[in-house]
Amino acid sequence: AHLRETVDWLLDALGQGRQAEALAGATPFLRLLGTVFGGAMLAKGALASLGDNTPAGARRVHLARYFAAAHLGEAASLKAQVLQASAVVLAYDPAA
């Protein structure tokens, strides 16, 4: 949900000509994208390994569980960074 909402916000900002606002959150957006897609790929691998009673299958499941517990919680924070970064970046006055 966080990734979808963030993509919708970025597309809306770009569609309204607010390019600077959208680009201000580019770095946390890329981190969000990598985190969510990384978790999805690890989950896919873990699901494929559920019937596999080998050590490699167990490692895949364990790795996906670790990643979900340790990293997927960052998605909400990264979404907030994308949505709020523009206010801080665009308020900066280099001449001040």
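Val89 is partly exposed, with a relative accessible area of 45%. Val89 belongs to helix H5. The model is a predicted one. In that model Val89 and Gly17 stand 17 Å apart, C-alpha to C-alpha. In sequence 72 residues separate Val89 from Gly17.

Stay with H5, and move to Lys79. Lys79 also sits in helix H5. Its relative accessible area is 18%, so Lys79 counts as buried, because the cut-off for buried is under 20%. What does Lys79 touch, once neighbours within four places in sequence are left aside? The contacts are His2, Glu5, Thr6 and Leu32.

One of these contacts is a salt bridge. The side chains of Lys79 and Glu5 meet at 2.3 Å, N to O. Lys79 lies in H5 and Glu5 in helix H1, residues 2-15, so the pair ties together parts that are 74 residues apart in sequence. How accessible are the two partners? Lys79 is buried at 18%. Glu5 is partly exposed, with a relative accessible area of 37%.

The bridge leads to the pairing of H1 and H5. The two axes come within 9 Å and cross at roughly 10 degrees. Angles under 35 degrees count as roughly parallel. H1 and H5 are therefore roughly parallel to each other. On the H1 side, the contact uses His2, Glu5, Thr6, Trp9 and Leu10. On the H5 side, the residues are Ala75, Ala76, Lys79, Val82 and Leu83. By class, the contact of H1 with H5 divides into 6 nonpolar, 2 polar and 2 charged residues. Lys79 and Glu5 both appear in this contact, and they are joined by the salt bridge.

Now bring in helix H3, residues 26-48. How do H3 and H5 cross? Their axes come within 8 Å, at an angle of roughly 155 degrees. H5 itself spans residues 74-91. Angles over 145 degrees count as roughly antiparallel. H3 and H5 are therefore roughly antiparallel to each other. The crossing of H3 past H5 is left-handed. From H3, the residues in contact are Pro28, Phe29, Arg31, Leu32 and Thr35. They meet Glu74, Ala75, Leu78, Lys79, Gln81 and Val82 of H5. The contact of H3 with H5 holds 6 nonpolar, 2 polar and 3 charged residues. Lys79 takes part here, as it does in the contact of H5 with H1. Leu32 of H3 is among the residues that Lys79 touches.

H1 and H3 also pair. Their axes come within 10 Å and cross at roughly 145 degrees. This crossing is left-handed. H1 supplies His2, Leu3, Thr6, Val7 and Leu10. H3 supplies Phe29, Leu32, Leu33, Val36 and Phe37. What classes of residue make up the contact of H1 with H3? There are 8 nonpolar and 2 polar residues, and no charged ones. The contact of H1 with H5, by comparison, includes 2 charged residues, and that of H3 with H5 includes 3.

Back to the charged pairs. The count of salt bridges comes to 4. Besides Lys79 and Glu5, one of them joins Glu21 to Arg18. The closest N and O atoms of Glu21 and Arg18 are 2.8 Å apart. Glu21 is partly exposed, at 22% relative accessibility. Arg18 is partly exposed too, with a relative accessible area of 23%.

Another salt bridge links Asp52 and Arg60. Here the closest N and O atoms lie 3.7 Å apart. That falls inside the cut-off, which is within 4 Å. Asp52 counts as partly exposed at 27% relative accessibility. Arg60 counts as partly exposed at 38%.

Arg60 leads on to Ser49. Where does Ser49 sit? Its place is in the loop between H3 and helix H4, which runs over 55-70. Is Ser49 buried or exposed? Ser49 is buried, with a relative accessible area of 3%. Leaving out residues up to four places away in sequence, Ser49 touches Gly57, Arg60 and Val61. Arg60 thus has two roles in this account: a contact of Ser49, and the salt-bridge partner of Asp52.

Note on methods:
Residues are numbered from 1 along each chain as its sequence is written. This is a predicted model: local features need pLDDT of at least 70, side-chain atom pairs count only at pLDDT 80 or more; totals for chains, interfaces and linings use all residues. Side-chain values use heavy atoms; hydrogens and water are left out. Axes are lines fitted to C-alpha atoms, for helices over the stretch in contact, and angles run from 0 to 180 degrees between N-to-C directions. Helices (H or I, at least four residues) and strands (E, at least two) are DSSP runs, numbered from the N terminus. Angles under 35 degrees count as roughly parallel, over 145 as roughly antiparallel, 65 to 115 as roughly perpendicular and the rest as oblique. A crossing is left-handed if the near helix is turned anticlockwise from the far one by less than a right angle, and right-handed if clockwise. Contact means heavy atoms within 4.5 Å. Ala, Val, Leu, Ile, Met, Phe, Trp, Tyr, Cys and Pro count as nonpolar, Asp, Glu, Lys and Arg as charged, and the others, Gly among them, as polar. Buried means under 20% relative accessible area, exposed over 50%, partly exposed in between (1.4 Å probe, protein chains only).
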